[in-house]
Every structure is written in C-alpha cells, then in structure tokens.
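Trainee: I would like to learn how to read a protein model piece by piece. Could we go through one together?

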Amino acid sequence: MSAPLSWLPDTAGAARGAEILEEVRLGRHDPIRWATIRVTDRAHVLEVDLPEDALKVEGVRVNVTARTAQQIADLLGCILPTPRLVALAHQQAAVRIYVGPRAPDATMATTATMIARSRDIDAVIACSGLVSQGAWKHWVLHPGATAQRAANYGWMRPDGRPWQSLGLGHNLDHTDYSQAWQCPRRRCRLDGREADLADVLRDPLLAPLVSWDGALLGVRQPGVVLAGQPFAPPAPPTAAPAPPQTWIPARNYTPASRAVADLVVLHSTEGARGRGAARAVARWFGGGAAPQASAHYVVDDDEVIACVAEDDVAWAAPGANRTGIQIELCGSARQSVSEWLAGGLLARAAELTAGICRRHQIPICKLSPEDLAGGARGITGHVDASRAFRKSDHWDPGPSFPWSTFLELVAAARAT
C-alpha cells in the first residue's frame, strides 16, 4: 500500500492547491460527517451544519490557502466560517483536543509536515463527534479581508481563547501545517425553515447570530475566482452577442473591431432609477448634446439598452476603456445595500454580465485596483479603475454596492 498523498507535490504552491481542489471536484476526498451547531437569541433559532473534523484526503487533513479554501467551499455548497462560528463550534464540540504549535522552520508548509501533523491529531482523538477547534486555524470571513489579504482565526486553547486571534497578515496563497478546511454548509435552518447562511450574514438583524462584526457585505474571500471559473487567456467569442431589448447608439466611442474584452466595468449613472431611466441615459449618450462619454449598456429595473457594440471601445473609465465593456447602472453611488438590492436592476445587470463573461471568457471575480494595474481579467468598478490608473476621480458604483451578491447572481446566470 502506497504512502498517503504520494502523488501530491511536497512544496506548497499553486500546483498543490490545484491537485487538492481537483480531488474535491472529483469527490475523492474522505466522506464528510456533519454536526449541527445551534445558536439562539430572543427572537430566532439558527442551526448550522459544520464538518465534524477538518477535510481529509486519503486520511490526511489537508492544508489549504485562503484561495483554495474558498474554492473548496464553492464546490461543496459551503461558506467560509466567521470567527464567531469557529468559537461556537469550539464551545459545542463533543470531542475536546488541543495540539499546540510546533517550532517554526523551513518545512512548515510541506506535504510531509502536513501528513505528520494530521497523524499527531489522530493520536489524540479518541471518539467520534464534532472536534473542538484546538488543532488548526481557519480562513474566515471578515470585513478586513481584501483581494490581497485573507483573515485567519482559531486554534482554540482549552480555556476557549484562540491561539490565533484574528489575523490579516497573510496573502491569499499562504499556507502552513496549521491551516485546515472546516467550513459550514450554506444551507441552514432558521426558525425551523431552510435558509441560506449567506443571507443570514448579510442581514443586519440576523447576522449577530453568527458574526461579531455585524452584517457582512462580502460572503466570499475577495479576489477569488468562483470554482469552475478559472483564469483563462483571452479566447475568441463562442457566440454572437445576444440582441439587447433596445439599441440606441451613442455618438462618442472608438471603433475598434476587438475580438475579445478582458473586463466588465460597472458604473452608476448618478441619476434616476425608475421606469425609462436607462432609455433616458442612452438618449443622452446619442443626442445632439451628447457628452464626451458613452457605455456599452445602460440598465434599469425594467430594461437593458445597448449603446456601443462590444467590439468597439466606449468612453467611460479612463485606463480601462480599451479592454473593458462598460455597464451603466441607473442609480447612485450613495445608495445603500438595500437600495441596490431592491427591484430588478441587479438581477438584470447580472444576466447581462454573465452573457458578456461567456462570450469573452472573462472570469467571474472582483478585481481590485492592484489586480487591474497588473493586467488581470475579471469584473470591477469605475472606482477601481480610478485608483489603478489615476485618470479619473469617480468612485462609483459606491462603497455599498453588494459585490458578493452580484457575483453570485452572475455565476448563477452563467451556469444556466
């Protein structure tokens, strides 16, 4: 019988993460046994399912980066935990263990150390049930996480204090022997009815059940492509663009005949959002007093108006015009999350964006200013282009735009 994980690279890195992710994708991880965490307040009872133990492949608890942790969660219908969920799991655990840290050295992230550490944990687990959080850290959801920095937390001491308090010191591709995967299912039960844990975390009234940080706008690790949507080099469009509901051509744009685009750039019109709003903006772009600006599409609650062909360059986000497809959303950068979520605008824009991503093979991921400056492909906002290229001062679609929800809607539309 061969040694466990003999096929896995010994050095941590993208290749090892990809191999672990593929094992999960193919269902070749060890079976997951689920335990239920129960949390209540004066008005609600929430039940969340969490793996009893860290994720194993060939009997070994695998160490993962924040990037791989998020993508495994995507594949398994899960969500990264919050620090509060980690603490609740520790409190309600049936099996109490603590395996302390080892002395740091150059082998901390190797597969050999991963295997040895997993065996050390096995040696102190005497029965089945939800294992206390005393042997590994978690990549967690936190408002401070960015496309460059991930949050980790856990490794609970016997007295309930975390050995790893909330940390934001690592990038998305860091791992070592202490970073395991144990993420809750998104499908949960709220007051006896099926619910989505992501929706609970976004709700200001419900989020305190499982979050010390209140409602979270982001329910994925920023900067991570949805599993199944890897970064890919530009490729020719696979199909002609779907005809929009209405075509009102803009006066000012650059004919380009480009084969593919690399970006979808979202804007807010800073105007009305009601019926006819998109049509009014499109007519402004195409009128006799048209501004020195344009967009490929304008979207309101009721319709999508096309103004510039996708193979031409619209004038909307300096620095990101040549490679971007520009979408104007009828609304204001000052809108709240609830205002953005109201009506049909977000779903309509997500369906449009999914089609663009399909046609141009654009990854469904949110790009930061640093990603843009580095030439990454994905979905971004005018504010990110302003910060990346310093050619404008626009900050739309605004700090309360619900990026995580939007990306989930795009991914769902892309899959249909």
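**Reading the model**

Mentor: Let us begin with a sheet: 3 strands form an open sheet in the order S5-S6-S7, with antiparallel pairing. Strand S5 (137-140) and strand S7 (162-170) stand at the edges with a single partner strand each, so one side of each has no neighbour in the sheet. From one strand to the next, the twist averages 20°, where axes are lines fitted to C-alpha atoms, for helices over the stretch in contact, and angles run from 0 to 180 degrees between N-to-C directions. Please keep in mind that this is a predicted model, in which local features need pLDDT of at least 70 and side-chain atom pairs count only at pLDDT 80 or more, while totals for chains, interfaces and linings use all residues. Residues are numbered from 1 along each chain as its sequence is written, and side-chain values use heavy atoms, with hydrogens and water left out.

Trainee: What makes two strands a pair, and which residues stand opposite each other in S5 and S6?

Mentor: Strands of a sheet pair through backbone hydrogen bonds, either parallel or antiparallel. Here two strands pair if DSSP finds at least two bridges between them, and the elements themselves are DSSP runs numbered from the N terminus, helices being H or I with at least four residues and strands E with at least two. S5 and strand S6 (residues 150-156) pair in the antiparallel sense over 4 bridges, and tryptophan 139 has asparagine 152 in S6 as its bridge partner. On to the next pair: S6 and S7 are joined by 4 bridges and run antiparallel, with glycine 167 in S7 as the bridge partner of asparagine 152. The hairpin of S6 and S7 has 5 residues between the strands, and glycine 160 takes a positive phi near 90° there.

Trainee: Which residues make up the covered face of strand S8, and which the uncovered one?

Mentor: Strand S8 (residues 187-190) has Cys188 and Leu190 on its covered face and Arg187 and Arg189 on its uncovered one. Strand S2 (residues 45-51) is joined to S8 by 2 bridges, and the two run antiparallel, with glutamate 47 opposite arginine 189. S8 also pairs with strand S9 (residues 193-196) in the antiparallel sense over 4 bridges, and there arginine 187 stands opposite aspartate 196. S8 and S9 form a hairpin with 2 residues between them, and aspartate 191 in the turn has a positive phi of about 55°.

Trainee: Is aspartate 49 buried or exposed, and what does its side chain contact?

Mentor: Buried means under 20% relative accessible area, exposed over 50%, and partly exposed in between, with a 1.4 Å probe and protein chains only. Aspartate 49, in strand S2, is buried, with a relative accessible area of 8%. A polar contact is a pair of N or O atoms within 3.5 Å; within protein, one must be able to donate a hydrogen and the other to accept it, and residues adjacent in sequence count only if both atoms are side-chain atoms. The side chain of aspartate 49 makes such a contact with the side chain of arginine 189, at 3.0 Å.

Trainee: Where is arginine 377 placed, and which backbone oxygens does its side chain reach?

Mentor: Arginine 377 lies in the loop between helix H9 (369-373) and strand S17 (378-381), and it counts as buried at 6% relative accessibility. Its side chain reaches the backbone oxygen of alanine 261 at 3.1 Å and that of glutamine 361 at 2.7 Å.

Trainee: How should I read an empty space, and what is the volume of the largest pocket?

Mentor: On a 1 Å grid over the protein atoms alone, a cavity is a set of points where a 1.4 Å probe fits but cannot get out, whereas a pocket is an open set with protein on both sides within 12 Å along at least five of seven lines; lining residues have an atom within 4 Å of a point. Grid points are joined across faces, edges and corners, and a volume is the space filled by probe spheres set on the points. The largest pocket has a volume of about 860 Å³, and of its 34 lining residues, Ala145, Thr146, Pro222, Lys366 and Trp403 lie nearest its centre.

Trainee: How many cavities of 30 Å³ or more are there?

Mentor: The count comes to 2 cavities of 30 Å³ or more, and the largest cavity holds about 60 Å³ of space. Helix H4 (residues 111-122) gives the most to the lining of the largest cavity, with 4 residues.
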